[in-house]
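Here are my notes on this one, jotted down while going through the model. Have the structure open as you read.

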Amino acid sequence: MVCIRRARADDLLAMQECNLFCLPENYQMKYYFYHILSWPQLLYVAEDYNSKIVGYVLAKMEEETTDCHGHITSLAVLRTHRKLGLATKLMTAAQTAMAQVRFENLIFFFYPI
């Protein structure tokens, strides 16, 4: 069984390891720190029953445009855990979180405190 949950700072090394195994484009640790410090609600991991990170998604919101939107920076699932729908579940979690962030930003924009 694999669960999808929000990533924590102590997951970053395992996320980077997953990236190294799965993708040709690899990121330095500071890139993961940048994401978790800037958009902690948009990072998700797939964790197996042994508490091993077997997949992740990094998402971010574009802040430099007037059109509030987000995008996926990186998505990876270990080969041993593919074809289980984990990438879809990670994408859905990130998309739902981005919609919530966008909604909160719009409310704040239209109804300033």
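1. A term to start with: a salt bridge here is a side-chain nitrogen of Lys or Arg within 4 Å of a carboxyl oxygen of Asp or Glu. Keep in mind that this is a predicted model. By that rule the count is three salt bridges.

2. Look at Arg5 and Glu47: they form a salt bridge, with the closest N and O atoms 3.2 Å apart. This pair ties together distant parts of the chain, since Glu47 sits in strand β2 and Arg5 in strand β1 (residues 2-6), 42 residues apart. Both Glu47 and Arg5 are buried.

3. Arg5 also meets Asp11 in a salt bridge, at 2.8 Å from N to O. Asp11 counts as buried because its relative accessibility is 5%, under the 20% cut-off. Arg5, Asp11 and Glu47 are thus linked in a network of salt bridges.

4. The remaining pair is Arg8 with Asp10, at 3.1 Å from N to O. Here Arg8 counts as partly exposed, at 42% relative accessibility, and Asp10 as exposed, at 58%.

5. Is Asn19, in helix α1 (residues 12-22), buried or exposed? Buried, because its relative accessibility is 0%. Its side chain makes a polar contact of 2.8 Å with that of Asn26. Asn19 also touches Tyr32 and Tyr56, among others.

6. Those two tyrosines, Tyr32 and Tyr56, are among the residues with the most contacts inside the largest nonpolar core, which has 32 residues. Helices α1, α2 (29-38) and α3 (86-110) are among the elements that each supply at least two residues of this core.

Definitions and conventions:
Residues are numbered from 1 along each chain as its sequence is written. This is a predicted model: local features need pLDDT of at least 70, side-chain atom pairs count only at pLDDT 80 or more; totals for chains, interfaces and linings use all residues. Side-chain values use heavy atoms; hydrogens and water are left out. Buried means under 20% relative accessible area, exposed over 50%, partly exposed in between (1.4 Å probe, protein chains only). A polar contact is a pair of N or O atoms within 3.5 Å; within protein, one must be able to donate a hydrogen and the other to accept it, and residues adjacent in sequence count only if both atoms are side-chain atoms. Contact means heavy atoms within 4.5 Å. A nonpolar core is a set of buried Ala, Val, Leu, Ile, Met, Phe, Trp, Tyr and Cys residues joined through side-chain atoms within 4.5 Å. Helices (H or I, at least four residues) and strands (E, at least two) are DSSP runs, numbered from the N terminus. Lists of a residue's contacts leave out its neighbours within four places in sequence.
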